[in-house]
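Grab your viewer and work through a few exercises. Try each one yourself before reading the solution.

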Amino acid sequence: MPQLIPAVFLFLLLILPAPALSQTVRFNTNLGDIDVTLLPRQAPLTVANFLGYVGRGAYNKSFFHRSVPGFIIQGGGFKLDSGKFVPIPPDPMVRNEFNVSNVRGTIAMAKLDGDPNSATNQWFFSLADNSRVLNNQNNGFTVFGRIVAGSAGLSVVDKIAEVPIVMAFPPPYDALPMIGYTGGTILDSHLVTVNSITVLGPAPAISGISSAGSFGGYSSAAPGSYIEIYGANLAGETSRAWAAGDFKDGAAPTTLEKVSVTIGGQPAFVNFVHEAQVNVQVPAGIPTGALQPVVLFYDGQPSAAVDLDIRAVAPGLLASPTFKVAGKQYVVAVRPASGGFISNGTIPGLPALPALPGETLLFYGIGFGGVTPASIPISGKIVEGQANLAAPVEFRVGDTVAPVAFAGLIPGLVGVYQFNVTIPASVPNGDLALAVKLDGAVIAQTLWIPVQR
């Protein structure tokens, strides 16, 4: 087994941050929430018209009055008052703005037959790809929003569409979805109700992504790597890293403080959240050798996708920015007996403690790839047992190859590698270059380590 020291410092170094958005509305229904991203660029008048109704609560306690299986569900026009259907007072008609196709998951304005500019307060969700019909009918139906991809909205819409239709009432209620209605007085509980429509905060926006800055800060990452996502509105006011209570049976969280991230459509493991930075671990099963889209969700709202280069390996050693002095990036190396950091005395806050020829030191890394046995996961799970690095690794101090007694994952942590390396007895004094090869390929970092006999 590898020599271990308390690893609190490791995660402190790992998670500390270096330091026209889309608008989303939430339909809160009695069958679940439907989050919709509005499209003001494509339909500015229609979005403004819709938000006018939302702003004064006109849609609160309205209901879906029309359901056509495999086609649409429609609402926005009526409320229930003492068992009677009451129309919602309409604003003036809004000009047609057909620009976006009526595909599954879109929301569009309803209007009168033969009058393309007759939309007022009623809208409908498309249950299927209705483009062949609705794009060509009545000058096209104006789509002004889309259900948020990856949210529960589509399943809620489908659930509403499964509610039995009662055809006991005259138009426009002749295709009314009703829950448990057998006759008599109509109650709120019989209807599919829109309790409220609220405007959510600004959607998250990603400005940049890199692998963890303390491990090289590359533009590429590998399965198991930690990455840093920078931007705006990425999280709420709470800023924190994952804690023991966030793990379930050793599994790392995929949601933290309402923040989640997908990479290539797969959920990543959320390590740290802040409104301007989110750190996650790349899932192990993601395809490599290609760009993969990264999407961040906060409170159900998605960011635009940003591509990240995913490679089979993207190795980096722990070398904190605070260990960079006068242009030299010193590696983080630890003396196992004391837990002391190796330093030549120039690193702020650290005493002079250079490495000694012949002693074994501990180094840390991410992105080094698979382990044996392969049953031990490199991502998303607290490591149990000994997991040795599958590919050969070589450390060279100055011009001399340094023996590696252990290379593998650290038990008790998630996807962090440890290397037990002996400083060669023959190396000279001074700041020496540290070079590392993984499976014969030199890693990209330029690192230094001080040695003194």
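Three exercises with worked solutions follow.

This is a predicted model, where local features need pLDDT of at least 70, side-chain atom pairs count only at pLDDT 80 or more, and totals for chains, interfaces and linings use all residues. Numbering runs from 1 along each chain as its sequence is written, and side-chain values use heavy atoms, with hydrogens and water left out.

**Exercise 1.** Work out which residues of helix α4 are buried and which strands they pack against.

*Solution.* Start with burial (under 20% relative accessible area, 1.4 Å probe, protein chains only). In α4, residues 153–161, that picks out Gly-153, Val-156, Val-157, Ile-160 and Ala-161. Their arc around the axis, taken from the directions to the C-beta atoms, is only 145 degrees, which puts them on the same side of α4. Now look for contacts (heavy atoms within 4.5 Å): these buried residues pack against β1, β2, β4, β5, β9 and β10.

**Exercise 2.** Find the edge strands of the open five-stranded sheet.

*Solution.* Strands (DSSP E runs of at least two residues) pair if DSSP finds at least two bridges between them. The order is β14-β16-β22-β21-β17, paired antiparallel. β14 (205–211) and β17 (240–241) each have a single partner strand, so one side of each lacks a neighbour in the sheet. Zoom in on β14 and β16 (226–232): six antiparallel bridges join them, and Ser-210 has Glu-228 in β16 as its bridge partner.

**Exercise 3.** Sort the lining of the largest cavity by residue class.

*Solution.* Lining residues include Thr-46, Arg-95, Met-109 and Thr-142. The tally is four nonpolar, three polar and three charged.

Conventions: Buried means under 20% relative accessible area, exposed over 50%, partly exposed in between (1.4 Å probe, protein chains only). Helices (H or I, at least four residues) and strands (E, at least two) are DSSP runs, numbered from the N terminus. On a 1 Å grid over the protein atoms alone, a cavity is a set of points where a 1.4 Å probe fits but cannot get out, and a pocket is an open set with protein on both sides within 12 Å along at least five of seven lines; lining residues have an atom within 4 Å of a point. Ala, Val, Leu, Ile, Met, Phe, Trp, Tyr, Cys and Pro count as nonpolar, Asp, Glu, Lys and Arg as charged, and the others, Gly among them, as polar.
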